[in-house]
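Q: I'm new to this structure and would love a close look at a single part of it. Could you walk me through the second largest pocket, and then show me what else there is to see around the model?

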Amino acid sequence: MRTAGWRPTPGWVRLVTLTVLALVLAFATGHLELVVVAAPLAVLAAARRPPPRDVEVTVTCEDERCFENDPVTVVVTVQTSAAVDQIGVELLAADSAEADPDRPQLVAGAAEAVVEWRLTCTRWGRYQLGPVRVTLLSAGRAASRTVTVSGPALVVYPVAVRSEVGIVPERLPRRAGEHTVAVRGRGMEHIGVRPYVFGDRARQINWPVTTRRGQPYVNEVADERAADLVVVIDALSDVGEPPDTSL
């Protein structure tokens, strides 16, 4: 959390400046009617109440992991030790994250504010939710304070898309799998018929061909084997700005 102390607002500074200027002119020129003008300004300036000392900002997210385009809820809670005139909360989302609503949210006359955003990340990666910028105006709008807080991390996974093009190596291990090879074996793809030999299973008999030729024939199918997929990831370093990092 990075916190700047309470600072006078431009409106309160102008009020004090006009009060001092009116009093100086009144005593310098002898026009005591200027004191009557400065009196209400001085009362307003002196009526300033001290701003709250303690300000606590908490940013939470209901999920730590999600998929692309899945909405997540970000909750920002602001608590002060005394009521203030206005609490403004702004979520600074990443370029590939869409926040609803996309504008700062304001809460007037309260010591606590709870605001929510629905955040949708359109690109996979690691996100740091926020930062969240909170602007407070003290009672009477005499002082302002800005608090900036970084939110929790969010991991967004890509949506799995089935590839229409499969790359199958020429040589496959002799294990049962789903890749058809140009070798007779046990599978699902029909490649021809042949005469029945002892040991063939009865369910392989091709009855139309058997009836037409007068002797048993069986179907031949292509063998289906497995393929090994090896993925090598260099995780020694993470390059780039979130969420567009190498990891």
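A: The second largest pocket is lined by Arg184, Gly185, Arg186, Arg194, Arg201, Gln204, Asn219, Glu220 and Val221. Keep in mind as you look that this is a predicted model. The volume of this pocket is about 150 Å³. Two elements give two or more residues to its lining, namely strand 12 (176-195) and strand 13 (217-225). Strand 12 provides the largest share, with four residues. Sorted by class, the lining has five charged residues, three polar ones and one nonpolar one.

It helps to set this beside the largest pocket, which holds about 320 Å³ of space. Its lining counts 11 residues, and the closest to the pocket's centre are Gly166, Ile167, Val168, Glu178 and His179. Here the classes come out as five nonpolar, three polar and three charged residues.

Besides these pockets, there is one cavity of 30 Å³ or more. The largest cavity has a volume of about 50 Å³. Around it you will find Ala93, Ala94, Ala97, Leu119, Tyr127, Gln128, Leu129 and Gly130. Six residues of that lining are nonpolar and two are polar, with no charged residue.

Now for the nonpolar core. In soluble globular proteins, nonpolar side chains tend to be buried together. The largest nonpolar core in this model has 29 residues, and Val76, Val78, Val89 and Val134 have the most contacts inside it. Two or more residues each come from strand 3 (55-61), strand 5, strand 6, strand 7, strand 9 (132-137), strand 10 (143-149) and strand 11. Strand 5 gives the largest share of this core, eight residues.

Strand 3 is a nice one to follow residue by residue. In a regular strand the side chains alternate between the two faces of the sheet. Along strand 3, Val55, Val57, Val59 and Cys61 point to one face and are buried, whereas Glu56, Thr58 and Thr60 point to the other face and are not buried. Strand 3 pairs with strand 5 over seven bridges, in the antiparallel sense. Within strand 5, Thr77 is the residue that stands opposite Thr58.

Strand 11, which you met in the core, also belongs to an open sheet of three strands in the order 4-11-8, with mixed pairing. Strand 4 (65-67) and strand 8 (125-128) are the edge strands, each pairing on one side only. On average, neighbouring strands of this sheet are turned by 30° against each other, direction ignored. Strand 4 and strand 11 (residues 153-157) run parallel and are joined by three bridges. One pair to look for is Arg65 with its bridge partner in strand 11, Val155.

Finally, two loops are worth a visit. The loop between strand 4 and strand 5 (71-91) holds Asn69. The phi angle of Asn69 is near 70°, a positive value in a residue other than glycine. Pro101 sits in the loop between strand 6 (97-100) and strand 7 (105-121). The peptide bond that leads from Asp100 to Pro101 is cis, with omega near 0°.

Definitions and conventions: Residues numbered from 1 in each chain as written. Predicted model: local features only at pLDDT ≥ 70, side-chain atom pairs only at ≥ 80, totals over all residues. Heavy atoms only, no water. 1 Å grid on protein atoms, 1.4 Å probe; cavity = no way out; pocket = protein on both sides within 12 Å on 5 of 7 lines; lining within 4 Å. Points joined across faces, edges and corners; volume = space filled by probe spheres on them. Nonpolar A, V, L, I, M, F, W, Y, C, P; charged D, E, K, R; others polar. Pairing = 2+ DSSP bridges. Axes fitted to C-alpha atoms, helices over the stretch in contact; angles between N-to-C directions. Core = buried A, V, L, I, M, F, W, Y, C linked by side-chain atoms within 4.5 Å. Buried < 20%, exposed > 50% of the residue type's maximum accessible area, 1.4 Å probe, protein only.
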